Amino acid sequence: MQKYDVVVVGAGFAGLTFAKTLPSQYSVLLLESKRTVGENMNTTGLCTRTSVELLSRYIPLEDYGGNAITGISFTGPDFNGEILSRLPFTWLYSTDPGKILKSLAKVLPDNVGIRTGTAFLGCDFEPSREFPVEIRVRSSGCVERIQTRFIVGCDGVRSAVARESDLDQNRHYLACGEGVYPGQLLLPGAEKTVYHFWGVDDCPGYGGWVVPNSHNGQRVLQIGIANYHEYRYHDRRLKAFMNSLVERGAIRLDSWEPVLRHGGLIPIGGPLRQTMNDHALLLGDAAGMCGALIGDGIKPAIIAGKIGSRAVDRHLHGDRSALSNFRRDCNDEFGVFTYLYKQKVDRILFDRLIETNSLPLLFEVLSMRSESVLPSMYHLHHQSRSLVNMTFFLKATPTLLQMFWRLGVGESVLKGKEFLQNLAGAGRELMAAEES
Ligand SMILES: Cc1cc2nc3c(=O)[nH]c(=O)nc-3n(C[C@H](O)[C@H](O)[C@H](O)COP(=O)(O)OP(=O)(O)OC[C@H]3O[C@@H](n4cnc5c(N)ncnc54)[C@H](O)[C@@H]3O)c2cc1C
């Protein structure tokens, strides 16, 4: 039976960064169920400056492709109103994520073996063995067994490693779909802006987006929608959204046939609690490390891979507190868990506003502070503020009162109480993350 010091499941952003940064004294096997790394990507690929800076330590910057973005635009429910927030520098890049992952796979050190087309099926733990984890994998229809000292679950939102290791699993998702279409945005400053559309018909929980990018030297638009998982993703909703954009003169499409399609689930329940034990660690989406409101998970996945490899190295050297310090270390260096908990609080607020048809009121409040929207929504240099604290200011009081009436008192006291309890719970987690 083959034996490795560490087996990593999933060659996405988290798994590849982990494998790249783990010290080379370990024998490492990286398992990927797809036939090749970076195929059929399930992401738009918007990367923040920090992601690009981190990745550019490993692969040449010109491999990223795409656009430099300085602004973000939010269009209100039913296409009413616009909040445009811009920064004097590039804070986001639209990229070719498949190409990034392929490039990362090429620069992995010799101690890392990659097996693509190989799916992790399950594992058993026997602490008394020298290699306590025995893994079952399927490759070309055959099942085989591999032993390892430690398994790292970077296998995404529906992590089989989490399930098999009795760790926490994601339970709340958005279902998303996106097509990449040759075409152009027809709005001023468009190529440097990403566009979000709240409250698109039939897409509760998120809405739609348009991202200008390039694909094989051609100008393209990435157009997508996301909604609560229970509503499933439907192609007809995407087409209806595209129709609205064309009718409003926001975009011109050279073809309605996408050159690429992306789709998948985004975890929106916030960071999971139980994500490690003596022989296993979850990273990235598998650990719920994705912005619960806006669904940005690339940067947390890269940071998790980088800090996670250091924690596993120390753990394998006998440091018993190395894994439990993982969150603190991620936070000290990148403020990532503070951001993720703020996003969780924002998601709770957002969900309740949707439930009570109050999104237009929130939009009204945010419009009064449009210049702060961008730093509040995205994780920018540790300065992100939460949507909740951004909405409280004097001028907004009448609108806020209306909003809270709808949120709690106006309905049943019970629902209001439940909402406040949720909010308080998320707030406590946020404070604990900030303290650590
Ligand atoms: C439509 C969409 C658009 C998005 N857009 C953005 C964006 O623009 N910016 C952003 O920051 N975030 C975005 N996200 C979120 C972001 O893509 C993820 O948070 C991020 O990719 C998570 O990286 P990861 O490495 O943890 O997991 P993943 O990228 O999901 O990688 C997991 C890997 O594990 C493999 N795998 C799964 N199960 C097994 C198994 N049993 N055996 C072997 N291999 C397995 C998968 O094939 C995959 O390659 C988007 C998500 C979606 C769905």
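Is helix H1 (residues 13-21) mostly covered, or mostly exposed? Mostly covered: 8 of its 9 residues are buried. This comes from a predicted model.

Start with the residues themselves. The buried ones in H1 begin with Phe-13, Ala-14, Gly-15 and Leu-16. Thr-17, Phe-18, Ala-19 and Lys-20 are buried as well.

Now look at what lies over them. The cover includes four strands: S1 (2-9), S2 (28-31), S8 (112-115) and S11 (142-153). Helices also take part, among them H3 (97-106) and H6 (298-316).

Step back to the whole chain. It has 13 helices and 19 strands. Of its 436 residues, 49% are buried. Consider the contacts between residues at least 6 apart in sequence: 71% of them join residues at least 24 apart.

H1 leads on to the ligand. It supplies at least two residues of the shell around the ligand. H6, part of the cover over H1, also supplies at least two. So do the strands S9 (118-125), S12 (173-185) and S17 (260-267). The largest share, 4 residues, comes from S17.

Which residues of the shell come nearest to the ligand? Of the 39 residues around it, they are Gly-10, Gly-12, Gly-156, Gly-284 and Gly-297. By class, the shell holds 16 nonpolar, 16 polar and 7 charged residues.

Finally, place the shell among the domains. Domain 1 (2-40 + 100-170 + 272-324) gives at least three residues to the shell. Domain 2 (46-91 + 173-267) likewise gives at least three.

Key:
Residues are numbered from 1 along each chain as its sequence is written. This is a predicted model: local features need pLDDT of at least 70, side-chain atom pairs count only at pLDDT 80 or more; totals for chains, interfaces and linings use all residues. A residue is buried if 20 or more other C-beta atoms lie within 10 Å of its own, exposed if 12 or fewer, and partly exposed in between; C-beta atoms are placed from the backbone. Two residues are in contact if their C-beta atoms, placed from the backbone, lie within 7 Å. A residue is near a molecule or strand if its C-beta atom, placed from the backbone, lies within 6 Å of it. Ala, Val, Leu, Ile, Met, Phe, Trp, Tyr, Cys and Pro count as nonpolar, Asp, Glu, Lys and Arg as charged, and the others, Gly among them, as polar. Domain bounds come from an automatic or database domain assignment.
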